[in-house]
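Student: Please take one part of this model and look at it closely, following the strands and their packing from one to the next. I would like the cut-off behind each term as it comes up.

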Amino acid sequence: MSETTDHPRVGFIGLGSQGGPMARRIIEAGYPVTLWARRPTTLEPFAGTGAKTAGSPAELAAASDLVCVCVLSDADTEEVVDAVLGGLAAGGVIAVHSTAAPDTCRRLAARAAARGVALIDAPVSGGGPAAEAGRLLVMAGGDEETVDYCRPVFASFADPVVYLGPVGSGQVTKLLNNAAFTAHLGIAASLFTLGRSLGVDPLRLADVIAHGSGNSFALERVASAGATLDRIAGHAGLLLRKDVGLVNALAASADAPGGTLLTAANDALTLMNVTP
């Protein structure tokens, strides 16, 4: 890990609906930040922030001690990390904020270590509004000293930052969280369907449950979407299918029972018509 400064130079790649607010919080916290994006229009909102821009991931890495990666897929993550390794000096750190397969992060960490670079997995939960408020959850896996090095940067956009163990632990935890969320979505949708069948208005039922012990974040999302999964399936169904599929595979490879969690999560995907 870099020992050049207690205030590391930060590179950020992946300026989407969640990554953009994360990068802005890092900039506002006073860190020297360099940005790169495939689409120049993505950089336009940062024009007046003082952040620098790079012409390539390798150029960004050469100007950074810590590079944060928040892109969509495993393939994108691997492509970006490989490009960053082309410019990041030995002692540098890569933090993978993307949600990816644990083995992807383990493989990339080994590749980074061969170049003298530390890689941690640090997926996040909460979405853009939580990032803007500095309330994201970070689930970190990797060398604990390296995670501690990154904590002040992560603290600009997240609270809490939870250390979970070796590389891949953060991704396992994030996937379990997403499986639980998927299961809760299915339970909420089934609740509203059953309530409607028993003569209870779904919106009034949602208002009651919101003040009771049966409430959940997922129930609130389903209620705000009209008490059905249609809208949620349209914008998040494929991602939830990917994540639940990864948990199914992890459980099978460990010969571990999925139990009610995976039964409910898989049933929810069926309700969304996005079965693995």
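Tutor: Two strands count as paired if DSSP finds at least two bridges between them, and the elements themselves are DSSP runs numbered from the N terminus, with helices being H or I of at least four residues and strands being E of at least two. This is a predicted model, in which local features need pLDDT of at least 70 and side-chain atom pairs count only at pLDDT 80 or more, while totals for chains, interfaces and linings use all residues. Residues are numbered from 1 along each chain as its sequence is written, and side-chain values use heavy atoms, with hydrogens and water left out.

On that basis, strand β8, residues 136-141, pairs with β9 in the parallel sense, over five bridges. Within this pairing, Val-138 has Val-161 of β9 as its bridge partner. From β8 the chain passes through α6 to reach β9, and this β-α-β crossover is right-handed, a term for a path from the first strand over the helix to the second that runs clockwise when the strands point away from the viewer.

Val-138 also gives a view of the packing around β8. If contact is taken as heavy atoms within 4.5 Å, and neighbours within four places in sequence are set aside, the residues touching Val-138 include Ala-122, Pro-123 and Val-124, together with Phe-154, Phe-157 and Val-161. Val-138 also belongs to a nonpolar core, meaning a set of buried Ala, Val, Leu, Ile, Met, Phe, Trp, Tyr and Cys residues joined through side-chain atoms within 4.5 Å; buried stands for under 20% relative accessible area, exposed for over 50%, and partly exposed for what lies in between, using a 1.4 Å probe and protein chains only. The largest such core has 36 residues, and those that touch the most other members are Phe-12, Leu-35, Val-138, Phe-154 and Phe-157. Helix α6 supplies the largest share of this core, with five residues. A second core, separate from it, has 26 residues, among them Phe-192, Ala-206, Ala-236 and Met-272.

Two of the core phenylalanines lead on to the aromatic pairs. Rings of Phe, Tyr and Trp (for Trp, its six-membered ring) form a pair if their centres lie within 6.5 Å, and the planes are called stacked when under 30 degrees apart, edge-to-face when over 60, and tilted otherwise. By this rule there are two aromatic pairs. In one of them, Phe-154 and Phe-157 are tilted, with 5.9 Å from centre to centre and 45 degrees between the planes. Phe-154 is buried, because its relative accessible area is 0%, and Phe-157 is likewise buried, at 0%. Phe-181 and Phe-217 form a tilted pair too, at 5.9 Å between centres and 45 degrees between planes. Phe-181 belongs to helix α7 (residues 169-197) and Phe-217 to helix α9 (residues 217-224), so this pair ties together parts that are 36 residues apart in sequence. Here Phe-181 is partly exposed, with a relative accessible area of 22%, whereas Phe-217 is exposed, at 52%. The ring of Phe-217 also has the charged end of Arg-221 sitting over it, 4.9 Å from its centre, where the rule asks for NZ of Lys or CZ of Arg within 6 Å of the ring centre and within 35 degrees of the ring normal.

Returning to the stretch that leads into β9, Ser-156 lies in the loop between α6 (144-154) and β9 (158-165). Ser-156 counts as buried, because its relative accessibility is 7%. Apart from neighbours within four places in sequence, Ser-156 is in contact with Arg-25, Ile-26, Ala-29 and Gly-134.

Beyond β9, Gly-170 is found in helix α7 and is buried, at 0% relative accessibility. With the same exclusion of neighbours within four places, the contacts of Gly-170 include Met-139, Ala-140 and Gly-141, as well as Leu-164.

For a second β-α-β unit, consider β4, α3 and β5, which make a right-handed one. Strand β4 (residues 66-69) has Leu-66 and Cys-68 pointing one way and Val-67 and Val-69 the other, and all of these are buried. On one pairing, four bridges join β4 in parallel to β1 (residues 10-13), with Gly-11 opposite Val-67. On another, four bridges join β4 in parallel to β5 (residues 93-96), with Val-69 opposite Val-96.
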